[in-house]
Amino acid sequence: MGTRGKEIVGVEVGKLLTMLNKAYADEWLAYYQYWVGAKVAVGRMRGIVAGELEEHAQEELKHAGMLTERIITLGGTPLLGPNEILKESNCGYDAPVDPKTKKLLEQNIKGEQCAITTYAKILDFVKDKDPITHQLILEIMAEEVEHEEDLESLLEDMNTGVN
Ligand code: FE
Ligand code: FE
Ligand code: MG
């Protein structure tokens, strides 16, 4: 990163990089959990649920891309392999071993809630100290909030028998 670009980052960069890499790990696992969940889904409202999961998968992958760019700009290296990704993740991986749509929704809602908590902590860490990262995380977090809402609405429809 450029000299002045670095100077305006008022937090300990190593600590920020660790946080960003952990969020990056979460995004890859969320991506895969959604992607494979969409493939194996069975049961009520399958078409609608699978469509939503697929859409979210693509957005998680996009988040991973946004985080990598910031990590590299700050002079860091994104996690380079699946073992590290599993190890460093905050939110972990919930395999869709029970592929019923209701169960998939519940698992992914849990994942989104963990993501929202993680991003809230990063926002708090960089607040007033690194406006570029702040802006980036806000953008990602807004989509996680939307994801949670989408999945909770689907689960509610399912539980009230709308579909
Ligand atoms: Fe995400
Ligand atoms: Fe999400
Ligand atoms: Mg959605």
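These are my notes on the metal sites, one helix pair and the disulfide of a predicted model.

**Entry 1, iron site.** I began with the iron ion (ligand 1) and listed its donors. Glu-27 (OE) appears twice, and Glu-60 (OE), His-63 (ND1) and Glu-144 (OE) complete the list, at 1.9 to 2.4 Å. Along the chain, I read the spacing of these donors as E-x32-E-x2-H-x80-E. I then looked up what Glu-60 does beyond this ion. Glu-60 bridges the iron ion (ligand 1) and the iron ion (ligand 2), and the two ions lie 3.9 Å apart. Next I placed two of the donors in the fold. Glu-27 belongs to helix H2 (residues 13-40) and Glu-60 to helix H3 (residues 46-73), so this pair ties together parts that are 33 residues apart in sequence. I checked exposure as well, and both Glu-27 and Glu-60 are buried.

**Entry 2, H2 against H3.** The iron donors led me to this helix pair. I noted that the axes of H2 and H3 come within 8 Å and cross at roughly 160°. Angles over 145 degrees count as roughly antiparallel, and H2 and H3 are therefore roughly antiparallel to each other. I recorded the hand of their crossing as left-handed. For the contact of H2 with H3, I sorted the residues by type and got 17 nonpolar, six polar and four charged.

**Entry 3, magnesium site.** I turned to the magnesium ion (ligand 3). Its donors are Glu-52 (OE), His-56 (NE2) and Asp-150 (OD), at 2.0 to 2.4 Å. Their spacing along the chain is E-x3-H-x93-D. Glu-52 and His-56 both sit in helix H3; because they are four residues apart there, about one helical turn separates them. Buried means under 20% relative accessible area. Glu-52, at 17% relative accessibility, therefore counts as buried. His-56 counts as buried too, at 0% relative accessibility.

**Entry 4, disulfide.** I searched the whole structure for disulfides and found one. Cys-91 is joined to Cys-114, with S to S at 2.1 Å. I noted -90° about the S-S bond, and the link of Cys-91 and Cys-114 is left-handed. Cys-91 lies in the loop between helix H4 (82-88) and helix H5 (101-126), while Cys-114 lies in helix H5, so the pair ties together parts that are 23 residues apart in sequence. I looked up the exposure of each cysteine. Cys-91 is partly exposed, with a relative accessible area of 28%. Cys-114 is also partly exposed, with a relative accessible area of 23%.

Technical notes. Residues numbered from 1 in each chain as written. Chains lettered and ligands numbered in written order. Predicted model: local features only at pLDDT ≥ 70, side-chain atom pairs only at ≥ 80, totals over all residues. Heavy atoms only, no water. Donors = N, O, S within 2.8 Å, 3.2 Å for Na, K, Ca; no water. Buried < 20%, exposed > 50% of the residue type's maximum accessible area, 1.4 Å probe, protein only. Axes fitted to C-alpha atoms, helices over the stretch in contact; angles between N-to-C directions. Parallel < 35°, antiparallel > 145°, perpendicular 65-115°, else oblique. Left-handed = near helix turned anticlockwise from the far one by under 90°. Nonpolar A, V, L, I, M, F, W, Y, C, P; charged D, E, K, R; others polar. Disulfide = S-S within 2.5 Å.
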